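Got your viewer open? Let's take a walk through the model, one selection at a time.

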Amino acid sequence: MIKKTFLLFVSIFGFAQEQTKPEPAFDFLKKYINTRDLALSSTQDEVYFTIQNTNEEVSVIAYSQKINKKWTEPKLINFTGKHRDIEPFLSADGLKLYFSSNRPLDNSISESKDYDIWFVERVNLKSDWSTPKNLGSPVNTANNEFYPSLTKTGNLYFTSDGSKSLGKDDIFFSKWENNKYSEPITLGLNINSAGYEFNAFVSPDENFLIFTGYNRTEGLGSGDLFISYKDKNGEWEKAKNMGPNVNSSLMDYCPFYDAKTETLYFTSKRNSVSNLGFKTIEELEKEINKYENGLSRIYKFNIKL
């Protein structure tokens, strides 16, 4: 059965290597009960991610660096902590970091607002990040904008629940041209639907898109990761479910793909906790505290796309 599943994956997606079960992304993440939104630098020595409490009132962006082949203990990025910051994404040169936040436009205001896409900059890879800057219109609106993902040419893909959505949340595209972003457009029905589509990662060369489709008829339950490739005319093909080797019956979301190591990182609320007839408190603690315990965790999965 496993082999048949793999062969089916190869025929549909062209995956060139056998799949394995997703595993925890980084050891230093295991101590946090709710994490999501991983972004890895192109040099593979910085990783940014979101830490939240169980009810998500607290949402901060943290990072770790690889020094002497070892990942450092995570630290909070210098601008986070007061409002809900989520979904970091690094530019290819590592000098810009985009994220979504409900922070107010004016620092003198303490109340949070709707979610916008923001960015920070740094002079070099060792310098501090700047004060956050709002990306502005036409990308940001009076509605919510989430999950920025950029190509190497600067084109932006993101989630919005605005009035131009075909349904609830949709995936939108905005082209970078003449040093500004064009009016965003929905990606259409090969990607979006009357329901919820969100958290899209676009490959740097803009050849494929991975996103979450929620409660789709072809899904495994809750949110599933889907993939779409561009055809010879540059149009997005009908998105396909990435299958049971990646997706679970619970929420799978926030994809990020590292082409250098052929690794898919994603967030999941998958749960393998079972009632084994516990005899000791130690047995109970071990079972309910394991990584696949239904909380928001970041996983990695080796796959060639």
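Which residues line the largest cavity? Keep in mind that this is a predicted model, then select Asp-37, Leu-38, Ala-39, Glu-87, Pro-88, Phe-89, Tyr-147, Pro-148, Ser-149, Phe-201, Pro-255 and Phe-256, which make up that lining. Now color by element: S2 (35–40), S7 (85–90), S11 (145–150) and S21 (252–258) are the strands that each give two or more residues to the lining. The space inside comes to about 60 Å³, and the structure holds one cavity of 30 Å³ or more. By class, the lining splits into nine nonpolar, one polar and two charged residues.

**Next stop: the largest pocket**

Keep Phe-89 selected and add Leu-90, Ala-92, Leu-150 and Pro-204. Of the 35 residues that line the largest pocket, these five are the closest to its centre. The pocket has a volume of about 690 Å³. To see what frames it, show S2, S7, S8 (96–101), S15 (180–181), S17 (197–202) and S21, the elements with two or more residues in the lining. S21 gives the most, with three residues. Color the lining by class and you'll get 20 nonpolar, eight polar and seven charged residues.

**On to the second largest pocket**

Select Arg-36, Glu-87, Phe-198, Asn-199 and Tyr-253. Out of 15 lining residues, these sit closest to the centre of the second largest pocket, which holds about 320 Å³ of space. Glu-87 should look familiar, since it also lines the largest cavity. Here S7 and S17 are the elements that give two or more residues to the lining. The class split is seven nonpolar, two polar and six charged.

**Follow S7 into its sheet**

S7 has turned up at each stop, so show it with its partners. Four strands form an open sheet in the order S7-S8-S9-S10, with antiparallel pairing. Which strands sit at the edges? S7 and S10 (133–134) do, each pairing on one side only. Zoom in on S7 and S8: four bridges join these antiparallel strands. One residue to click is Phe-89, whose bridge partner in S8 is Tyr-98.

**Into the core**

Go back to Leu-38 from the cavity lining. Leu-38 and Leu-264 have the most contacts inside the largest nonpolar core, a set of 41 residues. What does Leu-38 touch, leaving out residues up to four places away in sequence? Select Ala-25, Phe-26, Val-47, Tyr-48, Phe-49, Phe-256, Tyr-265 and Ile-298 to see those contacts. Phe-256 is another residue you've already picked from the cavity lining. Then look for a second, separate core of twelve residues, with Tyr-157, Phe-173, Leu-209 and Phe-211 among them.

**Last stop: Asp-224**

Select Asp-224, which lies in strand S19 (223–229). Is this residue buried or exposed? Asp-224 counts as buried because its relative accessible area is 1%, under the 20% cut-off. Beyond residues up to four places away in sequence, Asp-224 touches Phe-211, Thr-212, Gly-213, Gly-219, Asn-241, Asn-247, Ser-248 and Asp-252. You'll recognize Phe-211 from the second core. To get your bearings, draw a C-alpha to C-alpha distance from Asp-224 to Ala-39: the two are 19 Å apart in space and 185 residues apart in sequence. Ala-39 brings you back to the lining of the largest cavity, where the tour began.

How values were computed:
Residues numbered from 1 in each chain as written. Predicted model: local features only at pLDDT ≥ 70, side-chain atom pairs only at ≥ 80, totals over all residues. Heavy atoms only, no water. 1 Å grid on protein atoms, 1.4 Å probe; cavity = no way out; pocket = protein on both sides within 12 Å on 5 of 7 lines; lining within 4 Å. Points joined across faces, edges and corners; volume = space filled by probe spheres on them. Nonpolar A, V, L, I, M, F, W, Y, C, P; charged D, E, K, R; others polar. Core = buried A, V, L, I, M, F, W, Y, C linked by side-chain atoms within 4.5 Å. Buried < 20%, exposed > 50% of the residue type's maximum accessible area, 1.4 Å probe, protein only. Contact = heavy atoms within 4.5 Å. Pairing = 2+ DSSP bridges.
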